[in-house]
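Here are some notes for a colleague who is opening this structure for the first time. They are set out as numbered points, to be read with the coordinates at hand.

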Amino acid sequence: MAKFKVRNIFIGSLGTIRIEIPLLVFGTGRPRILIMATQHGGERSGLLVISKFVKSLMLLRGTCLITPIINPLGLILRTREEPVERLDLNRSYPGSDAKDFSKRIAAKIFKLAKNCECIVDLHTFTRRDTKVLGVITRGRRPVSAKVNELMRAVGPDAVWEINYGRIDDKGFFGDIDFALSPMGVPVIGLEIPMEEKITDRDIDLVSRGIINILAEFKMTNTSSRGHMSKNIGIPVYTSEYLYATESGIFFPTKSVLARVNRGDRIGYIQSIPDFRSIVIRTPSNGTILSLYLRGFIRTGEKLASIGRKIRIL
């Protein structure tokens, strides 16, 4: 494992408690790569990836920065939002040093990120099953050739494209990619399975993928391409979202990455308190990118993402 320094980014005080974000610094000079995790406190699988990654990192040049816990209070309380203000950190960029707590965190991370050549942003779907999904965005600027190249180096199972121009995707305004896009800083977003579902294969794929990104910038010579997607191409999807119209116990009957046709049954809800069965059918043709796990669901929660293939990466 390469040597590194641990620095703390001071955010502010809550009474007598100092809130700081840990920053791991490997190497010096340029290029600079930033790996981010735990913007959402309940999304902890990124820590498993970072644990594997740092053990295999052999840096030849440049700087690898890691912020493993961006939302420290959210991690402790297991909340998606930053719990002081109950705001989504990944909708708060570029942030502000002069505003409230969440915006201060976003401003510190944004200042760090905009001075890098690439960002790797690790996320996890909450209560939904998925494979390793790359995430790229389109809207303020076209998807750059560099983003495509780096995503191919990672080799996820599929890529989910967020388009800020689509009504369904407007809720992503203010994420880190939205803020960095005008500056030309490529952001490689990755949605990985939740810690209860993630496999050693998933952890290894993402860890190797980040090593491959460093190799693309000639920061290491330990590139380890082991994913067939380089040869067969990675499918890129745009998503249609399916929400629960009733509360109850959801039982999925399809699997992630399964092909479905409009009207196919993907599961059913046993409503509460009468436990009658309500069949859930897909609203469109496509591929299941994420699917809610078996268990209780409330009205309005996202049941599934149905992907429509738009290109091959």
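1. Ser 45 is buried, because its relative accessible area is 0% and the limit for a buried residue is under 20%. This residue has its place in helix H1, which covers residues 45-56, and its side chain reaches the backbone nitrogen of Glu 195 at 2.8 Å. When neighbours within four places in sequence are set aside, the residues in contact with Ser 45 are Thr 124, Ile 192, Pro 193, Met 194, Glu 195 and Ile 198. Please bear in mind, here and in every point below, that this is a predicted model.

2. The helix that holds Ser 45 also packs against another helix: H1 and H6 lie at an angle of about 50°, and their axes are 9 Å apart. The two helices are therefore oblique to each other, and H1 passes H6 in a right-handed crossing. On the H1 side the contact is made by Leu 48, Val 49, Lys 52, Phe 53 and Ser 56, while H6 contributes Ile 203, Asp 204, Val 206, Ser 207, Ile 210, Ile 211 and Leu 214. Sorted by character, the residues of the contact of H1 with H6 comprise eight nonpolar, two polar and two charged.

3. A second partner of H6 is helix H4, residues 145-154, which packs against H6 (residues 200-216) at an angle of about 135°, with 7 Å between the axes. Why are H4 and H6 described as oblique to each other? Roughly antiparallel applies to angles over 145 degrees and roughly perpendicular to 65 to 115 degrees, so the angle of about 135° falls into the oblique class. H4, too, passes H6 in a right-handed crossing.

4. The residues of this second contact can be followed in the model: Glu 149, Leu 150, Ala 153 and Val 154 in H4 meet Leu 205, Gly 209, Asn 212, Ile 213 and Glu 216 in H6. The contact of H4 with H6 divides into five nonpolar, two polar and two charged residues.

5. Which residues of H4 are buried? They are Val 147, Asn 148, Leu 150, Met 151, Ala 153 and Val 154, and the elements against which the buried residues of H4 pack are H6 together with the strands E5 (118-124), E7 (133-138), E8 (158-163), E9 (187-192) and E17 (302-312). Just after the end of H4, Gly 155 takes a positive phi of about 70°.

6. Some backbone angles deserve a careful look, because most residues other than glycine have a negative phi, and most peptide bonds are trans. Arg 86 is not a glycine, yet its phi is positive, near 60°; this residue lies in the loop between helix H2 (72-77) and helix H3 (101-113), and at 71% relative accessibility Arg 86 counts as exposed. Arg 127 likewise has a positive phi, of about 60°, without being a glycine; its place is the loop between E5 and strand E6 (128-130), and with a relative accessible area of 29% Arg 127 is partly exposed.

7. Two cis peptide bonds should be checked as well. One joins Arg 30 and Pro 31, with omega about 0°, and Pro 31 is found in the loop between strand E2 (17-28) and strand E3 (32-36). Another runs from Ile 272 to Pro 273, with omega near 15°, and Pro 273 lies in the loop between E13 and E14.

8. The loop between strand E13 (265-271) and strand E14 (277-281) also holds Arg 276. Is Arg 276 buried, partly exposed or exposed? At 41% relative accessibility Arg 276 counts as partly exposed, because the value lies between the limits of 20% and 50%. The side chain of Arg 276 makes a polar contact with the side chain of Asp 274, at 3.1 Å, and, when neighbours within four places in sequence are left aside, Arg 276 is in contact with Glu 246, Ile 269, Gln 270 and Ser 271.

9. A final point links this loop residue with the H4 contact described above. Arg 276 and Val 154 are 122 residues apart along the chain, and their C-alpha atoms are separated by 44 Å. Val 154 is among the buried residues of H4 and is one of the H4 residues that meet H6, whereas Arg 276 is partly exposed.

Conventions
Residues are numbered from 1 along each chain as its sequence is written. This is a predicted model: local features need pLDDT of at least 70, side-chain atom pairs count only at pLDDT 80 or more; totals for chains, interfaces and linings use all residues. Side-chain values use heavy atoms; hydrogens and water are left out. Axes are lines fitted to C-alpha atoms, for helices over the stretch in contact, and angles run from 0 to 180 degrees between N-to-C directions. Helices (H or I, at least four residues) and strands (E, at least two) are DSSP runs, numbered from the N terminus. A crossing is left-handed if the near helix is turned anticlockwise from the far one by less than a right angle, and right-handed if clockwise. Contact means heavy atoms within 4.5 Å. Ala, Val, Leu, Ile, Met, Phe, Trp, Tyr, Cys and Pro count as nonpolar, Asp, Glu, Lys and Arg as charged, and the others, Gly among them, as polar. Buried means under 20% relative accessible area, exposed over 50%, partly exposed in between (1.4 Å probe, protein chains only). A polar contact is a pair of N or O atoms within 3.5 Å; within protein, one must be able to donate a hydrogen and the other to accept it, and residues adjacent in sequence count only if both atoms are side-chain atoms. Angles under 35 degrees count as roughly parallel, over 145 as roughly antiparallel, 65 to 115 as roughly perpendicular and the rest as oblique.
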